[in-house]
Amino acid sequence: MSTDTDQPITHKRVLTLVTPIVLMGLSTPLLGIVDTAVIGQLGEASLIGAVAVGALIFTFLFWAFGFLRMGTTGLAAQAYGANDASEIRATLGRALLIAVIAGVGLLLLQLPLNWVAFQLVQGSDAVEQEAQTYFSIRMWSAPFTLANYAVLGWLVGMQQTRLAMVLQIFLNGVNASLDALFVLSFGWGVAGIAAGTVIAEIATAFVGVGIAVTLLRKFGGRWDWHAISAWEKISATLSVNRDIMIRTLVLLLAFSFFTIEGARQGDTVLAVNAVLMQFVSFSAFFLDGFAFGAEALVGSAIGARNRNRFSEAVKLTSLWAIILSMMLTSGFLLLGGFWIDFLTTSPEVREAARHYLPWAASMPIISVACFQLDGIFIGATRAREMRNASFVSTGAFFFFWYLLLPFGNHGLWAALALFNVTRAFALGRYYPRLTAALERAP
C-alpha cells in the first residue's frame, strides 16, 4: 500500500481534498430544502412543522451515533497515515458491525423511543399527528443510515473525498426525486417524505459498501474476521468514541431545544425557524467540508507523526473556511428573501422569516471557528476535550436562553449564536495541550 502522506500540504492540496466535500455539502442541505419546499407547496404551516419535528427526532436519534462518522474518520486517517493496510480494513469492518447492531437495536426500541420523543417535543395536535406518521416510517432506515455514516467517515479518513461526494449526491438525489414523486404526484404528504428517505438510505448503504470493498483492493491487506470482531478491539473503538457520542448528544440537546421552544411559540414560529434552519444547515454542511478536510489531514499527520504537516493542515483549512463563511453570509443577506419565498407559499411564514433572517445569515461567520476546531480534534481523536467543551457550551446556551426570554424568538436565535461562540472558546482553550502533545511525540 502507498499513501501520499509525505507530500507537502498546499493550497492546491487542501482545495483538491475539500472541494468534493463542499460539493457534497451542497447536496446535503438541498435535501432538507427539497423536503421543506415540497411539503411547503401544500401551503399548510402544520405540515412544514411536522417534517421539522420528525427530522429533529431522527437527527437526535441517529446523530447520537455520529461517532460512526466522526470517530471512523479519525481512526481511518491515522491508519492511513501509518500505512497500516490491515487496520484500514479492520476500522471499516468494526464501524459497520457497530452500525448494524446499533441500528437493529433502535428498531427493537422504536415504541419506547416514540413515546419519549413525543413527550419531549410538544407541538400542536395537527403537527404531532403528522410527525407520528413520519416517525413510524422513517425508523426503518436506522441500520442503513448508521452504515452510511460509517462508510462516509471511512472514505473521508482515507482521503477519498470524491467517492464520498458521489455517494452523498446519490443518496440525496434519490431522496429528493422520491420526495417529489411521492408527495406531488402520489399525494402521500408527510408519509411520502419519510418513505423517500428510507428507500434512499437503503440503496445508498448497498452502493457505499460496494464502493468501499472495491477501493480496498488498491490498499491490499486481507479481511480478518477475528481481528474485526475481537472484543478488545471493539471495546477500544467504543472507548475512543464514547466521548464523541456524549458530546454529540449534549450538543443535540441545545439544537433540539431550539426547535422545541420554537414550537411552544406557535405553528408559525415553528415553521419560520424550520425554514431559516435550512440556511443554517446549508452553511453548516459547507463549513463541514473544511472541517472534514482538517480531520483527514490532521489525522494522517498524527498517524505519520509529522508535526509540520499538522500545522499546515490547521492553517490552510482554517483560512479557506473563513473565506467561505464570509461568502455564505453575504449570499444569505442578498438572496435570503428569494429563498424564503421558494421554501414556502404561506404569507405569514414568509413575512416573519424575513424578520428573523439576519440571525440565520450571520451564522456562518459566527460558527466557523467551532467547526474547524471540531475537525482538528476529531482528526486527533481527542474526544475527551470535545466532550468537556460540549458541556460548557450547552450550559451556556440554556443560560443565555433564560436570560433572553423576554425577547421571544429573537432571544432564542441570539442564544443559538452565543452557543456556537462558546463552543469555539471552550474547545479552543484545549488547543495548546494538543500542540504540546505533538511537540513531545518522537
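This is a short talk on helices, salt bridges, a cavity and a surface patch in one predicted model.

Some ground rules. Because the model is predicted, local features need pLDDT of at least 70 and side-chain atom pairs count only at pLDDT 80 or more, while totals for chains, interfaces and linings use all residues. Residues are numbered from 1 along each chain as its sequence is written, and side-chain values use heavy atoms, with hydrogens and water left out.

I start with helix α3, residues 67–81. Helices here are DSSP runs of H or I with at least four residues, numbered from the N terminus. α3 has 15 residues and spans 20 Å from its first C-alpha to its last, close to the 21 Å expected at 1.5 Å a residue; that expectation is 1.5 Å times one less than the number of residues. Of the 15 residues in α3, 14 are buried. Buried means under 20% relative accessible area, exposed means over 50%, and partly exposed is in between, with a 1.4 Å probe and protein chains only. After α3 comes N83, with a positive phi near 60 degrees.

Another positive phi, near 65 degrees, belongs to Q159, a residue other than glycine. Q159 sits in the loop between α7 (142–157) and α8 (161–185), and it counts as buried because its relative accessibility is 9%.

Next, salt bridges. The criterion is a side-chain nitrogen of Lys or Arg within 4 Å of a carboxyl oxygen of Asp or Glu, and the count comes to 11. One of them joins E87 and R94 at 3.0 Å, N to O. Which residue of that pair is buried? R94 is, at 3% relative accessibility, whereas E87 is partly exposed at 25%.

A second salt bridge pairs R354 with D341, with the closest N and O atoms 2.8 Å apart. That pair links helix α14, which holds R354, to helix α13, which holds D341, across 13 residues. R354 is partly exposed at 38% relative accessibility, and D341 is partly exposed at 28%.

A third pair is R423 and D374, at 2.6 Å, N to O. R423 is in helix α16 and D374 in helix α14, so this salt bridge ties together parts 49 residues apart in sequence. R423 is buried at 9% relative accessibility, and D374 is buried at 12%. Shared partners also join R242, D243 and R387 into one salt-bridge network.

R423 and D374 come up again in the lining of the second largest cavity. A cavity is a set of points on a 1 Å grid over the protein atoms alone where a 1.4 Å probe fits but cannot get out, and lining residues have an atom within 4 Å of a point. There are 2 cavities of 30 Å³ or more. The second largest holds about 80 Å³, a volume being the space filled by probe spheres set on the points, which are joined across faces, edges and corners. Which helix gives the most to its lining? That is α15, with 4 residues. At least two residues each come from α11 (231–264), α14 (347–379), α15 (383–403) and α16 (408–428).

Last, the surface. L334, L335, F338, W339 and F342 form a nonpolar patch with about 570 Å² of accessible area together. Patch residues have over 30% relative accessible area and no salt bridge; like charges are joined within 9 Å, and nonpolar side chains (Val, Leu, Ile, Met, Phe, Trp, Tyr) within 5 Å. Areas are from the Shrake-Rupley method with a 1.4 Å probe, and for residues only the protein chains shown count as cover. L335 is in helix α13 (residues 307–343) and is partly exposed at 47% relative accessibility.

Note on methods: 1 Å grid on protein atoms, 1.4 Å probe; cavity = no way out; pocket = protein on both sides within 12 Å on 5 of 7 lines; lining within 4 Å.
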